[in-house]
Each structure stands twice: as C-alpha cells, then as structure tokens.
Amino acid sequence: MKYHFNEIEAKWQKFWLENETFKAENESSKPKFYVLDMFPYPSGAGLHVGHPLGYIASDIYARYKRHKGYNVLHPQGYDSFGLPAEQYAIQTGQHPAKTTEENIKTYRRQLDQIGFSYDWSREVRTSDPEYYRWTQWIFIQLFESYYCNDADQARPISELVEVFNQEGNQSINAACDEDVPIFSEIQWKNWTDVEQEMVLAKYRLTYLSETEVNWCPELGTVLANDEIVNGVSERGGFPVVRKKMKQWSMRITAYAQRLLDGLEKIDWPQPLKDSQRNWIGRSEGAMVRFKVKNLNEEFQVFTTRPDTIFGVSFMTLAPEHELVEKITTPDQQQEVEDYVMATSKRSERDRMSDVKTISGVFTGAYAVHPFTGEDVPIWIGDYVLASYGTGAVMAVPCGDQRDYDFAKHFGLEIPNIFKDQDISESACEDKSAVIANSDFISGMDAATAIRRIIDEMEKRGIGQGKINYRLRDAVFSRQRYWGEPFPVYYDNGVPRIIDEKHLPLRLPEVEKYLPTSDGKPPLGNAKSWAWCTKTETVVSNDLIDQKSVFPIELNTMPGWAGSSWYFNRYMDARNRTSFTGKKALEYWRDVDLYIGGSEHATGHLLYSRFWQKFLYDRGLVPVDEYAKKLINQGMILGTSAFVYRLEGENTYVSQTLVGDQKVQPIHVDVSLVNASNELDVEAFKRNTLNKETRQARFVLDDGKYIVGREVEKMSKSKYNVVNPDDICKNYGADTLRLYEMFLGPLEQAKPWNTAGISGVHGFLKKLWKLYHNNEEGIFSVSDAEATTEELKTLHKTIKKVDEDIANFSFNTSVSSFMIAVNELTAMKCDKRAILEPLIVLISPYAPHIAEELWEKLGHSKSIASADFPVFEESYLIESTKEYPISFNGKMRFTLELSLDLSREEVEKIVLADERTVHQLGGRTAKKVIFVPGKIINVVG
C-alpha cells in the first residue's frame, strides 16, 4: 500500500477537529502542563516556512507531555489589532475587521494543515469585543490603583483618598510624579473635585500627561521605541520625529526593581534577561540640584559619580528639556531653536548609537555650582535624552570621554580633579583614581568620596543619594482606529471612567480611517462617540453641548495591551463574568513553557510581566511571574536569488559571466529558480510589472541563466519566502514538521533549503514500508517475540528521544528515528512489540502518519492518549562481545563470546576453533593473552 500522505493528513485533521482530541479540562486528576506560543498577528501574507518553527517545537513538547500523562493546555489565538489592517483600510476603505477576519481564515487553514494539537475551543482574538472588554477592565483597575512603596505593591486608589481625607499626603510613600505638592487634609478637602483629580492623576498607575513621544506623521500615530528602526518606522519606513503630546501612560517605573528581581526566579534565556536588565537600567548615585543664575529656576541632575562634582565645567541639557525655552538668552534663541528642531527629527536610538558626531549649542545661561558658587555654562546636546535620568548632565570632561570630546570640540574648560593622572589627550575613566582639587574630599578614593559628598549634599539640602532607573513610564496611547477604545470620557478636560458594567465599549463605525482635518485621531471621524451619563450609552456627537453628554477618548490602546494578559484568558476563555475564573487560575496558575522570538524582549515580554505583577498585587492572579520557562527559537533564513543587471543597460548577465563587470544585483522570486540555480527567464519576464524588464536582454551561459545566491532573512521584500502550503501539498505536513526540526538546534538561525526536504520525505516512506509487506504493500505486523537486537534498537531510541525532547534537542531526535528505521529495516523487523512503541515515539513529530499506523495496529482511540514508551536499561546491557582474535599481534578473525565466560573457558573455545587450528598450522600455542571485553591474542 502506497503512502498517500495528503489523504492521511486530511483524514486525521478532520478527526482531531470533530473529536476535540486536544481539548484541555480545567479540572483533572492529572498534573497540569501549559504550553504557549506567542500568538501571531494575522497578516495578509499568511505564514511562510519560517513562522511555524517555534509552533512545531511547542507542539512536539505538548504532545510529548500528553504521552507522559499530563493534562496539557496548548491554546492558540490571534493578536489581531495592528497597523497593517488599518493601513489597508486607509488605502481601500475596507473595514479592518473584515481584513482581519479574512487573514485569520488563511492562518487557521495553514495552522490546521500543519497538524498542531491546539485546543481551539479556547481561541482568543484581541480585536474581539468579548476579549477587549477585559483589556478595558484591566485598564480601569490600573486607573483605580496606585503603588505603595511601603507595602511594595499596588493598592486601591480609594485607600489613598482615605489617607488624604485624614492627614493629607505628608506620610505617603508612593510612586508618583516628581512635582506632587505636600498638602494637609484641610487643603485636600478645600480643593474642588477637579483639583483633587489632578492630584490623584499624579499617583494613578495609568494617567494622562504631556509626554515626549515618537510621532510618525505618515502613519498618524505614536510609536514605541521598539517600533522604530534606524530613525524610521518599522512598518513602512516612514520618518519619525520627537514631539510633546498629551498621552495615556502606564507607571511601569513603579515596578522597576521587582521586574529586575523577578528575573532571578524564571528560566528565561540569559541574553533576553540581559536585555531587560539593560532596558530597566538600575544605577546608584545622587540627585543634585543646580540653580540657574539670575532666574528663579532650578534643575536636577542624576549622577553615578557625585564625587566628581568639583570637576564640573559645563552642564548639558537635552534639547527637548522643558527649561531650554525658559533659560535661553535672546542672542542664542535662533541657534537653539534650529538645533532643537533638527534633533526632533532623530530617534532616541539614533542619538544614543551615534557616538562619533559631536554637536551642541550654548543657551547663553549659567548654572550656579552648588559647592563653589561658580558660574557653569549651560549647553544643549543631542547626546543627552529627556527620557533618561532627568534629561540633564553635569559634565565632568576630565572623567568622562564623551564630555571630554564635547569640551575639546567647543573649547570648554577641562579642570583635572584626579591625582597624578594625565588628561592631556583623553579623560581618566579609571574608578580607582584618587580624587584631588576637590575641597573636603581631596585625597579620598571614589567609594569614600561618594559617601562623603552625598552626606554633605543632604546636610546642605542640595541633593540626596538615589537609586535611578533608565526605564521610563510606558506611553499607552496610539492615534489610530484599529485598537482597543479607552473606557474614558472627559468632563471639562478631566478623564472619567465609564462604569465596567457597560463594557465592552465597542469601536464605532467611521467613514475614514485617517486622522481628521484638524489633526484629531481617526475616532474623531465617528459621528456617535460621546457618553451620556444620564442614559449611560454612547450617543451622537451633536449632543455634546448638553449637560450630561461628554466626549469619549479619541486615542486607542497600543498593540501590546491585548498581549499583556492573553495567557491568563486562555485558562478560561469563555468566561463571561470575569477576565478568568478563579478555579481555572488556581489550577493552571502559570505557563510551564513559552516559545517565541527574542525580538519581543523589551516590548511584550516586559509589559506582560508588569501587568502580571499588577494583577498579582490586586489579588487577581495567583503568581507574579506568568511563564516559568521561555525559549527563543532561532530564525529560519531564506536563500535569496539574484539576477545581475549591467549598470546603465537593460541587460541581465548570468552570475557565471559577471566577472569584473559593474552590475546591480536584484532580488528575484525563488519560485522561478530550479534546484540547479537556473532561472526560468520567460516566467521572470511574465511575472514582472516592469515593462523595461520584459524587454530586457539576457546573456546566458550555455543556454542557461544562473542566479546568484545569498542567505538572509526570509521576507516578502526579498522574494525568498517559501510557502508551507506548497511543502504540505508536495511532501506532507509530517515532512515539513520533521524537516524544520532536522535543520538544526531550535535556538539557532538556520537556512532553508527545499532541496534537502526530499531526504526527510524518503524517511517517512521508509517508515511506512516498515509496517507493510514490502513485496505486496499490505499492512503486516506479527505478534512474534522481538529479538535482542530489535529490543536494543528500540530502547536506545526511547532513551535518546526522551532525553532529546526533555532538553529541546529536537534535531537529534530526528536523526535517531532515521537510524532506528534503518536498523529495523535491515533486520526485517515486523514485530508489534517493537513497531507499536516506535510509532508512539515518532508521533509528536509526525502525528498524521503515526495516527494512521496506530489505527492499523488495531487501536480505536487516538495515539495522542497513548503512554510514552518506558526505557529499560537491561536491553542495552551487552551479554556478548565480538572479540578480535589475533595471532602474534595480527588480527585474523572475530569471534562472538559470552561476557560471562571465565578465562579458562575462553581459552578453550578459542583454541578449539578450526580457524585457530588453521592459523597455528600444527604448532602448539605458547600462551593466550586475554583482556576481558577487549582483545584475545594467541602467541604461537
């Protein structure tokens, strides 16, 4: 019987769906195991072969754990809010919901055809109102909470109000804005509702504020730092500028230390942990206050080296610092404004990475040195960021190379405060250098001087010791349509929460998905986007002037909102009364294995940890870290193809004929190239939209156009994408699954090569034949007793595969399967005792062929519930040894002997062997050298 993989795979995919084979129960006597993939954004292009790599690995592990007796939760869903669908809506007018639904159908079809064991009954979509009602609900919980530093956790804002009513805020130790005033209970009670709300906003965990943001005019929205690459938007490559806007923000900074501490108790990749540590950026030092000369203004500077304060010769503010406009003198105003404008067009990452360019402008103003009283010139420079520290730097050019280069470039003073250190050519960044020329700390080492200077600052009231973090509060607004609406309306500019009983607040219909003509976000195009407090419903904007009708927030939430808690929703995805039921949360608790890309290190993977800790603080989840173990899968790279166009001509030259000619390499669709790297020239001409290319001349080599090849990221723009649909059609999903694992270690990047897939497909054909009579092709398995060699092959494979899966070494398991099938084929093994456990071993990797053979073996239930074979050491213990028999040191033949034989018995058997008699030629052996388990040498 032939291996009809397409029919077999369709049959079992239908069976799994109809029988809900992989549906997990929220109550079970089995131990639980939760395997999670980072859910995909459903793009219009669908999946390419690089996307399923992590999904296949997690699916193997999920199936393996089911075989091991676990109740496995392995869900899937869609991160379905996103810019691409909105951009398509802008171009075509098609509602993003329709585009998203079409894309999801494609994704679901592709995921199903690869044979993933997902529990689809728990599918979530972040753009589904029944899902985002709970995202809105969590936003409300954040809004109604503050962070108590004494308790080191989030608490209800109502508790804060109670304290304010009783004693003001003098005893409050909470995470809040820097400019919170100290007030008494009398002052609090005398303030209006609006004034009280303005103070509470400075404590809330989500709040409105004027924030410096990355604004992309072309996309009409604010972008997070991780959405910007080389100064342009990751999506579309559009320019990004820095500007101040009123935005919702999340007070993630309150959790900075806990986010750092939590990394110690989770099994995540070290590089990813390092990325988060660097992003959070904890540093110890001092906060110092500098007054501006002749102005009633001051600013603060955070420094990790307060001991160098006597070496300060100038100050540098970030160009976007709020003081710049106030302190700049008239004669410097134009130069400063031009510099600020130029800087706004550069991203923070660009400014941070550009260490070669030295630029800055003097403001004309001076600061007063807090110890010496001397004038210190205030400059602005783009190497200082408003989002890091306080946006101001006390420049010590003798001790910091960047300050040194800046001072040299602009001819500023470089006083030396280090004993016996030469700073004529570079700064002294040696922390062991002794302090000099620094008043009362001269002669001290850095550590002693730091403690002494901080004590003095605190005595004089000009500064204090401080732990600082690079992490900034997360901007939580986007000026786009396709996102979660905020459950917020505005009463005289004050944000008010729509009661949770009215959730979800659904996205309104709009005629256009672009910002309005006066620059408002796309929701400003909605005709009915106002909240009536009397009827508690959304009403027409025309009614806003009425007493009880107020405008609703026009921004939407960012892409990371829905992905910051989805892992909890999967536990109880159909719960209509809670974001997740308590029983389900107590049972599943957390994710045991999470697989996804490292590119989310400082985005989703940081924000989701923050939300989990908040939910834990408020008693809503049982653990404060949601994923015990995380694996970052590597990337499958594409092998791009290139044609070569002669510069200045409409001529394409075969790669083999390029030589020294000046050519322009151009990507060409890999589907037009065969395994011999030969381009189908006519198909290339037909498929191009470029009329000039259709008329181009092609210079062939022996009648062939040979393309160039290069391994790079698999991407539509590089025309090197391989569609899994084609692989499944031509070779089968089981082949695709095995091949992706066979390519190399899960965490490493590896190139795709379709030519190599035939070897894996050949293995599956060989596996199929093992269960069928090779001559007649009829399924044939016997109940005869297995031989010692057959059992040895089986059990060494069980041992290896069990170890490999436990260590996520999936590539070496595939090799073990191949070796086992080859050995069993050579033995002509047809024993049920061998072939039945073998197919269970293979089933996590190739589930369709495994199900088919399992059924043929007489089983009515899915192989998914079969027990994983148990390794028995005894089958690998050798009872015999094939000894090399040597005569005077030269090996002449081999002889298999029992390892239990005594020296005398071995000698007797060897000497009695007719081959020994022949070798001795009538002579008597002088002695027999016997090394047990190694050699036998007859001395004649």
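Accessible area is worked out by the Shrake-Rupley method, using a probe of 1.4 Å. With that in hand, let's look at the predicted model above. The protein chain exposes about 42,700 Å², and carbon and sulfur atoms supply 47% of that area.

Now step back and take in the whole protein chain. Its C-alpha atoms fill a box of roughly 120 × 75 × 75 Å along the principal axes. Within the protein chain you can find 30 helices and 34 strands. Of its 940 residues, 53% are buried. How do residues from distant parts of the sequence come together? Take the contacts between residues at least 6 apart in sequence: 71% of them join residues at least 24 apart. Charges are part of the picture too: the protein chain has 111 positive and 135 negative charges, and the mean positions of these two groups are 4 Å apart.

Next, zoom in on one helix, α25, which covers residues 788–806. At 1.5 Å a residue, its 19 residues should span 27 Å, and the end C-alpha atoms are indeed 27 Å apart, so the expected and modelled lengths agree.

Which residues of α25 are buried? They are E790, L791, T793, L794, H795, T797, I798, V801, D802, D804 and I805. As you read along that list, keep in mind that an α-helix has 3.6 residues a turn, so residues three or four places apart point the same way. What covers the buried residues of α25? The cover includes α2 (52–67), α26 (810–826) and α27 (832–842).

Finally, follow the chain just past the end of α25, where F808 takes a positive phi of about 60 degrees.

How values were computed:
Residues are numbered from 1 along each chain as its sequence is written. This is a predicted model: local features need pLDDT of at least 70, side-chain atom pairs count only at pLDDT 80 or more; totals for chains, interfaces and linings use all residues. Side-chain values use heavy atoms; hydrogens and water are left out. Helices (H or I, at least four residues) and strands (E, at least two) are DSSP runs, numbered from the N terminus. The expected span of a helix is 1.5 Å times one less than its number of residues. Buried means under 20% relative accessible area, exposed over 50%, partly exposed in between (1.4 Å probe, protein chains only). Contact means heavy atoms within 4.5 Å. Lys and Arg count as positive and Asp and Glu as negative; His and the chain ends are not counted. The place of a charge is taken as NZ of Lys, CZ of Arg, CG of Asp or CD of Glu.
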